[in-house]
Amino acid sequence: MKVGVKLFGALPAIYGGSQHQRELEFDLPDGARVQDLIDLLNIHDLRHVVITRQGRILQAGDELKDGDFLTMFQPVYGG
Amino acid sequence: MKIIRVDMTSQTIVTEEVPHDYLILGGRGLTSIMINDEVPPKCDPLGPENKLIFATGLLSGTTLFNISRVSVGAKSPLTGGIKESNVGGTMGLALGQLGIKAIVVEGKAPRGELKFLKIDKQGEVSLLPAQEYRSMRTYDLVERIFEKLGKNNSVLCIGPAGEKEFKVASIQGSDTDGRPCRSAGRGGLGAVMGAKGLKALIVEQGGKNPDPVKDPDAFKESTKILAKIITEDPFSGSMLPNLGTAALVAPVNSLGAFPSYNAKHGVFEGWEKISAEAMAEIQQARGGKMKHTGCSQCIVHCSNEYLDTDGNYLTGSLEYETIWAMGGMTGIDHFDTIARLDFLCDDIGVDTMSTGVGIAVAMDSGYKAFGDQQAAIEMVEEIAQGTQFGNILGQGPVAVGEYFNNARVPAVKNQSIAAYDPRAMIGNGITYATSPMGGDHTTGNLVGVYLGQVLNPLEKAGQVDMSRELQYFNAAADNTGMCLMVYASLNSPEARQAFLDVINAYLGPEHAIADLSGLGQRILKEEREFNRKAGFTNQDDRLPGFFYEEPLPPHNTVFPFSGEEIDQTFDF
């Protein structure tokens, strides 16, 4: 299945090698979970990355679906 | 350390030593407690009985970093309650170096008179005539001040909106480049300054005051620990220097909590065009700065210098809340227009948030179309021109709603909310409702709690307790003069302890503070007491009706807390 991801903040430079406008697309096996994507991107610590789908924050064990579009960014405290 | 009292009625200046009871206070703690002690709660905010207090943070003037905020306090003409709004730039250091803890501006200048309050680096204080600067906008004003008195001065000033005593009038502060792009924006404190007849506070930099730190070695050690925490934190050490506060545009839209089109939707269609990432690309191409040191002693560098297509300065310190108010709320997805609106607000001297929300309410009422860039610029200009509509917009979004008979005004205690919709980040609704300041983004913002996945922004559990805890901590932190962008990163128990250690190294054992939360609670109690005496009740701690009635897409949820649940936040 295919999953689209956009990276924000410092994440494009760290994980994506891309500018934020370019949507990254990943081929993942059916039944893949957020943890599989994290492994693919070589993210070591999920506390430093927030992944959302349709307005909700995903956890490592959440299942992904074909056609999902995810945004990824770093925690921000506010201002 | 001293307090300077300036009576604008008699044009007299008196210097006092700081009373013993105020020794542990600074910033918001000092302005709020002094106002509760000295200002008649039912007074006319624009009359002679109100007092305008400029207070340096407890730690301002020391060698600690990011400690240059100046709190400005008074009874607010916008909310009718107590108000503190703090501003960065260079004034905090300039006053701190002179050992000035507060300047209390009392009375009211004779009608038609306008003054500068000038303090030189020897600490001499004088009132100077400023008639020739009447109606002058802030950028021209500051330039003229520098021409006359030298660039080694820090300035807090008002523009034409403050002179007209508009309820959204700001006080603008000069940054490290001498530009008046820093704002004590909220609550109409510029109107109080205008009503007093004070056009600008001008303080010469480089004053010398005996170092007041009681335990210099412990202070130095705790400062080192804090600096390590701040520079190694991904947010304050990496994100803010590269993207500034605008880095919030992506997360808050991704969580469906970015109030757009006057809070009709939680995701702004064009949000990627007004994101920090987009701003960085635009400014990289034009030679602008995303990593700019706006304030004295800053180690974060979250400010920016925004250039136009020709490479000329368009605005500075373009912040997330402004991008939201002038972008998402108005439906404008063109960054240069948002930057232009930010500049205009700073130049005329109005709060970008209340002004942007006022424009959004007007657009929502059918006065102009959402997304009409030219109309938004003209509306802000109308404030300075004093047209019929400008006079309404200058009194804030509630006045705009009343004019158009539109109840969809996202404001609490007459002050607009901030860039987090209380239907999708529900704890922020608790803070908006219960903060003595009204709708606000600095007194207890839960966005970091949600992004750190401590709480779910849509579930009720834990929100009231977290809002309370943050309101206490932030009030205590605002006592010190430290920038929110730094203290927001002090999340671990070790970081909070290091912060307390540096405060107590400054105070010494005789005045040491046991815990920050206790100090914050004391400040909140005094603020709420003032508001009670001014006539506020629990019924004022409520959100506007549409937040309970209109589901917000994409989550299609409403604000879920009852009045009784909101009232559990504070039992005083």
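Select helix 11 of chain B, a DSSP run of H or I with at least four residues, numbered from the N terminus. Of its 14 residues, 13 are buried, meaning under 20% relative accessible area with a 1.4 Å probe and protein chains only. This is a predicted model, where local features need pLDDT of at least 70, side-chain atom pairs count only at pLDDT 80 or more, and totals for chains, interfaces and linings use all residues. Residues are numbered from 1 along each chain as its sequence is written, and side-chain values use heavy atoms, without hydrogens and water.

Put a distance across residues 335-348 of chain B. The end C-alpha atoms are 20 Å apart, which agrees with the 20 Å expected at 1.5 Å a residue; the expected span is 1.5 Å times one less than the number of residues. Step to Gly349(B), just after helix 11: its phi is positive, about 90°.

Now show chain A and chain B together. Contact (heavy atoms within 4.5 Å) links 35 residues of chain B with 25 residues of chain A. The two chains bury about 2400 Å², 61% of it on carbon and sulfur atoms. That area is the accessible area (1.4 Å probe) lost on being put together, summed over both parts.

Next, pick Glu272(B) and Lys6(A). They form a salt bridge, with the closest N and O atoms 2.9 Å apart. The rule (a side-chain nitrogen of Lys or Arg within 4 Å of a carboxyl oxygen of Asp or Glu) finds one across this interface.

Finally, colour helix 7 (234-243) of chain B. Helix 7 gives the most to the side touching chain A, with five residues.

Methods
Chains are lettered from A and ligands numbered from 1 in the order in which they are written. Helices (H or I, at least four residues) and strands (E, at least two) are DSSP runs, numbered from the N terminus. Buried means under 20% relative accessible area, exposed over 50%, partly exposed in between (1.4 Å probe, protein chains only).
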